[in-house]
Each structure stands twice: as structure tokens, then as C-alpha cells.
Amino acid sequence: MAWKPRRVCRCGKIIAATDLCECQIRRKAEADRLRPNANDRGYDSKWSKARRAFLDKHPDCAMCGKPAVVVDHVKPHRGDRALFWDKGNWQPLCTHHHNSTKQSVERSK
């Protein structure tokens, strides 16, 4: 396994490249506590049915062609119900591309 140099956290502490600092753990816990649950964000039984129907029609990942398991919102809806249900804003993704590539793109914006 390749060695990674240590890094400096925003708070000034030096930590291992793959570790989270205590301040980062606290910020993440606070953000998670304040975030509405999935059902409150619209991911309910109606979404489950729409998701399944969309994946039946679009079974391949838009990025790599492997089997898609996630219906991703191309433009993040951020609570906008019209954008949430706009099927033109949906794309099928495999787990890898949803959890890595797509998240990196969203964080860079």
C-alpha cells in the first residue's frame, strides 16, 4: 500500500492523510443531526416506485454502462420538489459512480 504524507487540518492539527480530525468529526455529526431524514427529503414510497420504474427503463449506468442501482438527480434539487420530480433531471448510476465521481463533482461546484 502506498504511503501518504500527513496533512494539516483546518484547525491546525497535523493528522494522518486518511484520518478525520476531532473538529471534522464534530462538524459532520452536527450536520447529520440537522439534516432532515430521507422521508422528509422526499425519498418515500412514491419515490421508491418511481425509482424502480426509471431503473427498469434505464438499467445501465450513464457513466460506465454497468448495472445502475441509483437514480441520481443531475442537478441537486436541494428541496425543490419540482426539480426533485423532473425526470429530465434523473440519471441512472452504479453505486461507484454515484458515491465517488458524482460526489466529487458536486463538492467542486
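These legends go with close-up views of ring pairs, charges over rings and salt bridges in a predicted model.

**View 1. Trp47 meets Trp90 edge-to-face.**
The model has eight aromatic pairs in all. Here the ring planes of Trp47 and Trp90 sit at 80° with the centres 5.1 Å apart, and since anything over 60 degrees counts as edge-to-face, so does this pair. The two residues come from distant parts of the chain, 43 residues apart: Trp47 belongs to helix α2 (residues 45-57) and Trp90 to strand β4 (residues 90-93). Both Trp47 and Trp90 are buried.

**View 2. Phe84 and Trp85 make another edge-to-face pair.**
Centre to centre, the rings of Phe84 and Trp85 are 5.1 Å apart, with 70° between their planes. How much relative accessible area does Phe84 have? It comes out at 0%, so Phe84 is buried. Trp85, at 25% relative accessibility, goes down as partly exposed.

**View 3. Ring pairs join up into a cluster.**
Pull back a little and the rings from the previous two views turn up together: Trp47, Trp90, Phe84 and Trp85 are linked through ring pairs with Tyr43 and Phe54.

**View 4. Two charged ends sit over rings of the cluster, Lys46 over Trp85 and Arg81 over Phe84.**
Lys46 places its charged end over the ring of Trp85, 4.7 Å from the ring centre. Over at Phe84, Arg81 does the covering, with its charged end 4.7 Å from the centre of that ring.

**View 5. Lys13 and Glu22 are joined by a salt bridge.**
Side chains of opposite charge can pair when their charged atoms come close. The model holds four salt bridges, and in this one the side chains of Lys13 and Glu22 meet at 2.5 Å, N to O. Lys13 is partly exposed, with a relative accessible area of 39%, and Glu22 is partly exposed too, at 44%.

**View 6. Arg33 reaches Glu30 within helix α1.**
The salt bridge between these side chains spans 2.7 Å, N to O. Arg33 and Glu30 are three residues apart in helix α1 (residues 22-34), which is about one turn of the helix. Is Arg33 buried or exposed? With a relative accessible area of 57%, Arg33 is exposed, whereas Glu30 is partly exposed at 37%.

**View 7. Arg52 and Asp56 form a salt bridge in helix α2.**
The closest N and O atoms of Arg52 and Asp56 are 3.3 Å apart. The two residues lie four apart along helix α2, about one turn. Arg52 counts as partly exposed at 42% relative accessibility, while Asp56 counts as exposed at 55%.

Definitions and conventions:
Residues are numbered from 1 along each chain as its sequence is written. Side-chain values use heavy atoms; hydrogens and water are left out. Rings of Phe, Tyr and Trp (its six-membered ring) pair if their centres lie within 6.5 Å; planes under 30 degrees apart count as stacked, over 60 as edge-to-face and the rest as tilted. Buried means under 20% relative accessible area, exposed over 50%, partly exposed in between (1.4 Å probe, protein chains only). A charge sits over a ring if NZ of Lys or CZ of Arg is within 6 Å of the ring centre and within 35 degrees of the ring normal.
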